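User: I would like to go through this model by question and answer. Please keep each reply short.
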Amino acid sequence: MALSDIRIVLVNTSHSGNIGSVARAMKTMGLSQLILVDPACEIDSHASALAAGATDVLGKSKTVATLAEAIADCALTIGTSARSRTLSWPMVEPRECAQKLVLGSQHGPVALVFGRENSGLSNEELQLCNYHVCIPANPEYSSLNLAMAVMTLCYETRMAQLDLQDKPVVEDETRYPSAQQMELFYEHLEHTLNETGFIIKQHPGIVMTRLRRLFNRARPEDQELNILRGILTSINRSTDKTDK
């Protein structure tokens, strides 16, 4: 069971040295897919120096403009969060996070997302994730730099992969929609709720944020999402007839 379908995604990284250190941490633990989202720096000689023998990870890295683009084809995305948010999201511990990534990668790409060095991921970015993970560091001194955080979670991921190597693999036939498919569903849902008047366009509040949290927690399967889209389409047809 390889780790090649597990992506490490860095959002808006400020320092090239951190990118190099992350590449080194990844290669040490057997991961190779690095995605950079709107980096505030370039991969330069400083990054290469700190990558040590992991310049191949840097060389194969991809740069994209948005987090949505980085995870579009991922059926599982876990975002790192160091602080509690006003609206809580499904949380996993590092070990459970690693197990979910390894099992999920059997069916296609999955992503582990890290935010900015000084402020982490925004609420909007965290809402694109199925789960959040927080490293339970010393509460009196929880100062983890980016590479340390990546190393900690990559280590757990490698241990989860090694743990499953010697066990009989039970195939999970469950298939989950990609992040892009979920975004299309949310757009369809919001459009329908606007059309029916459930959401008032001038005062939308946080209805969609709460619904995102609900469906992320439920994590619908492919067939279930198809049913939900069908229900919305049925409502749309009824609304169109009423308008006429």
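Analyst: Two strands count as paired if DSSP finds at least two bridges between them. The model is a predicted one.

User: How many bridges join strand β4 to β6, and which residue stands opposite Ala-111?
Analyst: Strand β4 covers residues 76-80 and runs parallel to β6. The number of bridges joining β4 to β6 is 4. In β6, Ala-111 has a residue opposite it, namely Thr-77.

User: Which residue stands opposite Leu-112 in β6?
Analyst: Strand β1, residues 6-11, pairs with β6 in the parallel sense over 5 bridges. The residue opposite Leu-112 is Ile-8.

User: Is strand β6 largely enclosed or exposed, and how many of its residues are buried?
Analyst: Val-110, Leu-112 and Phe-114 point one way from β6, Ala-111 and Val-113 the other, and all are buried. The strand is therefore largely enclosed by the rest of the structure, the buried count being 5 of the 5 residues.

User: Which helix gives the most to the largest nonpolar core?
Analyst: This core has 38 residues, and Ile-8, Leu-10, Leu-34 and Val-150 touch the most other members. With 7 residues, the helix that gives the most is α7 (residues 146-165).

User: What span should helix α8 have, and how far apart are its end C-alpha atoms?
Analyst: Helix α8 has 17 residues, 179-195, and at 1.5 Å a residue it should span 24 Å. Its buried residues include Met-182, Phe-185 and Leu-189. The expected span agrees with the separation of the end C-alpha atoms, which is 24 Å.

How values were computed: Residues are numbered from 1 along each chain as its sequence is written. This is a predicted model: local features need pLDDT of at least 70, side-chain atom pairs count only at pLDDT 80 or more; totals for chains, interfaces and linings use all residues. Side-chain values use heavy atoms; hydrogens and water are left out. Buried means under 20% relative accessible area, exposed over 50%, partly exposed in between (1.4 Å probe, protein chains only). Helices (H or I, at least four residues) and strands (E, at least two) are DSSP runs, numbered from the N terminus. The expected span of a helix is 1.5 Å times one less than its number of residues. A nonpolar core is a set of buried Ala, Val, Leu, Ile, Met, Phe, Trp, Tyr and Cys residues joined through side-chain atoms within 4.5 Å.
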